[in-house]
Amino acid sequence: MYIRKIIAAFIAAASCGTVLCSCGEQAEDIPAVSEDISEVTFANGSSSLFEPADGWCNGSMFNVTWRKENCTFENGRMQLIIDTDSKGGTVPYSGAEYRSKDFYGFGRYEVSMKAIKNDGVVTSFFTYTGPSDNNPWDEIDIEILGKDTTKVQFNYFTNGKGDHEYLYDLGFDSSEDFHDYAFEWHKDSISWFVDGEEVYSVNENIPVTESKIMMNAWCGTGVDGWLNAFDDSSLPLTAEYERISFIPFDE
């Protein structure tokens, strides 16, 4: 990772804990560690600062039900998995979403991840809050579309208003190795970075509401013009994440 902060407090003791999922059920026996949000890794499994979504579907373009079982931790990495839904949900597939328990504001957000290469899917890192949090819909996105993993899409929403998509040519295939993706959120601008280099910025109608840090992997429906039709011939599909970082700005 290209920006480093000294970790104020880090407890490296692993434990088998209980994580509360978004649906209110308990996800038992997920290894957890307490750590500083400035450097979250998965050496000891799930972070105590995050939780997997479980048992519900976003609806609309999302053709997955979030399942905690699709969020796994192996070899010091997190895996977000797209597969068929064996639990008989309202849609045919299952996906994974991992999100912070707390809300964060202006600062630098960074992730090291390896995307899924497959028509019809999205691998993401973003901030989000909305009506489910009794907030306006504010969001800042880094999304890699599986139909072309040599590009990354940046976007943001302010009080539900989006249409700010920007597609950046990476110059490499993001499904072949881990790379660092980041954005710096200021009160009057957002700048996006790839492997430490600033590649795009905006300065109009910037979101202001503290949000959760989120990652997900999902397949779409009804959005073939954006993602291409979902190809389910190679399930399961796996996106991988090495580390997450948030460094606050004093604004």
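This is a short walk through a predicted model, going from its largest pocket to a hairpin and then to two buried residues.

Let's start with the pocket. The largest pocket in the model has a volume of about 730 Å³, and 26 residues line it. If you want to find its centre on screen, look for Asn58, Phe62, Tyr128, Trp137 and Glu139, which lie nearest to that point. Several strands contribute to the wall: β9 (93–100), β11 (121–129), β12 (138–145), β13 (151–157) and β18 (212–219) are the elements that each give two or more residues to the lining. The largest share comes from β18, with four residues. As for chemical character, the lining divides into 10 nonpolar, eight polar and eight charged residues.

From here, move along to the hairpin of β16 and β17. Strand β16 covers residues 189–194 and strand β17 covers residues 197–202; the two run antiparallel and are joined by five bridges. At the turn end of the sequence, Val194 has Glu197 of β17 as its bridge partner. Two residues sit between the strands, and one to look at is Asp195, which takes a positive phi near 50°.

Now for Asp138, a residue of strand β12. Is this aspartate buried or exposed? With a relative accessible area of 2%, Asp138 falls under the 20% cut-off and therefore counts as buried. What does its side chain meet there? A polar atom of the Asp138 side chain lies 2.7 Å from the backbone nitrogen of Asn159. Beyond its neighbours within four places in sequence, Asp138 is in contact with residues from several stretches of the chain, including Thr127, Tyr128 and Thr129, then Phe157, Thr158 and Asn159, and also Pro207, Val208, Thr209 and Ser211. Gly162 offers another landmark: 24 residues separate Gly162 from Asp138 in sequence, while their C-alpha atoms are 9.2 Å apart in space.

One of those contacts, Thr158, deserves a visit of its own. Thr158 is found in the loop between β13 and β14 (166–169). Although Thr158 belongs to a loop, its relative accessibility is 11%, so Thr158 counts as buried too. Here the polar partner is a backbone oxygen: that of Asn205 lies 2.5 Å from a polar atom of the Thr158 side chain. Leaving aside neighbours within four places in sequence, Thr158 is in contact with Asn205, Ile206 and Pro207, as well as with Trp137 and Asp138. Pro207 is thus a contact of both Asp138 and Thr158, while Trp137 takes us back to the centre of the largest pocket, as one of the residues nearest to it.

How values were computed: Residues are numbered from 1 along each chain as its sequence is written. This is a predicted model: local features need pLDDT of at least 70, side-chain atom pairs count only at pLDDT 80 or more; totals for chains, interfaces and linings use all residues. Side-chain values use heavy atoms; hydrogens and water are left out. On a 1 Å grid over the protein atoms alone, a cavity is a set of points where a 1.4 Å probe fits but cannot get out, and a pocket is an open set with protein on both sides within 12 Å along at least five of seven lines; lining residues have an atom within 4 Å of a point. Grid points are joined across faces, edges and corners, and a volume is the space filled by probe spheres set on the points. Ala, Val, Leu, Ile, Met, Phe, Trp, Tyr, Cys and Pro count as nonpolar, Asp, Glu, Lys and Arg as charged, and the others, Gly among them, as polar. Two strands pair if DSSP finds at least two bridges between them. Buried means under 20% relative accessible area, exposed over 50%, partly exposed in between (1.4 Å probe, protein chains only). Contact means heavy atoms within 4.5 Å. A polar contact is a pair of N or O atoms within 3.5 Å; within protein, one must be able to donate a hydrogen and the other to accept it, and residues adjacent in sequence count only if both atoms are side-chain atoms.
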